[in-house]
Amino acid sequence: MTAAEQRPLAPGAFPEGFVWGTATSAYQIEGAVDADGRGPSIWDAFCRVPGAIARGESGDHACDHYHRWREDVALMSELGVGAYRFSVAWPRVLPEGAGRVEQRGLDFYRRLVDELRARDIEPFVTLYHWDLPQALEDRGGWRVRDTAERFADYAEVVAGALGDRVRYWITLNEPYCSAIAGYAEGRHAPGAREGHGALAAAHHLLLGHGLATERLRGRPGLRVGITLNMSPAVPAGPAPEDAAAARQMDLLVNRQFTDPLLGRRYPEDMAETFGAITDFSFRREGDLEIIGAPLDFLGVNYYYRIHAAAAPYEQPDPARRTAADIGARTVVPEGVRTSGLGWPVEPEGLHQTLTWLARRYPGLPPIYITENGYGDDGTLQDDGRIAYLRDHLAALADAIADGVDVRGWFCWSLLDNFEWARGYAARFGLVHVDYATQARTPKASFHWLRAFLREHAPAGPGQRSGSPSSTR
């Protein structure tokens, strides 16, 4: 147990104007996949693949947020958060991925944003949380440059509809998961296991971010960022091979995204790590300048730290390896506390992530922790989640005290929801959802966080539990 975990947080541990929020994503909560002209996404297709999703489940109904959004916004108001991060479903706005705009989809998000504002909750919009229109995947998906250009068009459409009432824009959520889990490991949509294609997808996702940022910058007053899932990679043991494995995992998960975005450079060890699976022919002159456009903020999703051990390649033929097959694997050390999903619970990893970013990237933009949460089986007396949140907030306060410019924290998640390949068994919500009846029941962690916010985020003039109306 760390010092951060042992001590209670004193009032004033977080700066004035600090943003407190909760987060969700469209495919995980909305349901209504056939409503009001929405087109199919890669997750709709992937959920139909036998064995892809636990128990054959899908996001077809999820939390029915598309029809119950007023109830869900009321829960946020009861919780006392001042911000809500949600994603727009690309296929709900552009059913074919490009071309025809579905006004009914845009109207849904306008109503949601208006209700948030009426309750003094600041909207943070994520444009892409993994639900690529299937029509674009059929034309190559993120493997091809055209998808990045269509993403910029989509960003402009959404900004045109919401830009007069939304200030905070996140282009992508976790491009690592989209590229590696989706195109290399095959455990997420579209379910591919590729080498060159997965690395091309990673590059084109970042390019799409840069192109969309250019479009968003054309509208005054918008603040633009991107969200990365970050996990510090540490050697599982003292062997030099484990140290090398940790560096490879750090490249795969972290540096292949942070270096282009924050340093306008590709990591020097990319060719060495990925070897024969790619020739990087998808890169073009000028891409780094587009990708590395200055950010107004960086979103960081943190759940756990990676303990890396050396491992034999799964595919002995170097030319046929996937981008995830780098000769390293993750392990959970003995004695480490774990979540209900078996993930290591190490709050110091959050502090480590934030201080590493500040050291490695001079001029680092302000940071928002856009996801931080704990998965379990959905029990209402969720003491494990309370301990996780308490300890990670203490580690976050330590990072702020050490000089890292962190301006907000979003709990994942407001609601139990469709947890991708795990289906509905894994639950991250502050609010329990009975999927048969759609009844919402706040858990013990909901009440704990509400009390925490009353102590640590007192509402000031013009803000509710720390709205982003003022910055440091």
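For the counts on this tour, Ala, Val, Leu, Ile, Met, Phe, Trp, Tyr, Cys and Pro go down as nonpolar, Asp, Glu, Lys and Arg as charged, and everything else, Gly included, as polar. Keep in mind that you have a predicted model open.

**Stop 1: the largest pocket**

Start by selecting Y176, E185, R187, Y304 and W343. Of the 46 residues lining the largest pocket, these sit closest to its centre. The space here comes to about 1100 Å³. Now colour the whole lining by class: you should get 24 nonpolar, eleven polar and eleven charged residues.

Which elements should you show around the largest pocket? Turn on α9 (175-183), α11, β8 (306-310) and β9 (328-331), each of which supplies at least two lining residues. Linger on β9, since it gives the most to this lining, with four residues.

**Stop 2: where α11 meets α14**

Keep α11 (240-263) on screen and add helix α14, residues 348-360. Their axes are 12 Å apart and the packing angle is about 40°. Roughly parallel would need an angle under 35 degrees, and roughly perpendicular runs from 65 to 115, so α11 and α14 count as oblique to each other. The crossing of the two helices is right-handed.

To see the contact itself, select D250, R255, T258, D259 and L262 on α11, then W356, L357 and R360 on α14. By class, that contact has three nonpolar, one polar and four charged residues.

**Stop 3: the second largest pocket**

Leave D250, W356 and R360 selected, because they are also among the residues lining the second largest pocket. Add the others: M230, S231, P232, A233, A246, R247, N254, Q352 and T353. Both α11 and α14 supply at least two residues each to this lining. The pocket holds about 180 Å³ of space, and its lining splits into five nonpolar, four polar and three charged residues.

**Stop 4: the closed spaces**

How many cavities of 30 Å³ or more does the structure hold? There are six, and the largest has a volume of about 90 Å³. To find the largest cavity, select L199, A202, H203, L206, Q256, P260, Y266, M270, F282 and R283. The elements giving two or more residues to its lining are α10 (196-217) and, once again, α11. α10 has the largest share, at four residues. Colour this lining by class and seven residues come up nonpolar, two polar and one charged.

Methods
Residues numbered from 1 in each chain as written. Predicted model: local features only at pLDDT ≥ 70, side-chain atom pairs only at ≥ 80, totals over all residues. Heavy atoms only, no water. 1 Å grid on protein atoms, 1.4 Å probe; cavity = no way out; pocket = protein on both sides within 12 Å on 5 of 7 lines; lining within 4 Å. Points joined across faces, edges and corners; volume = space filled by probe spheres on them. Axes fitted to C-alpha atoms, helices over the stretch in contact; angles between N-to-C directions. Parallel < 35°, antiparallel > 145°, perpendicular 65-115°, else oblique. Left-handed = near helix turned anticlockwise from the far one by under 90°. Contact = heavy atoms within 4.5 Å.
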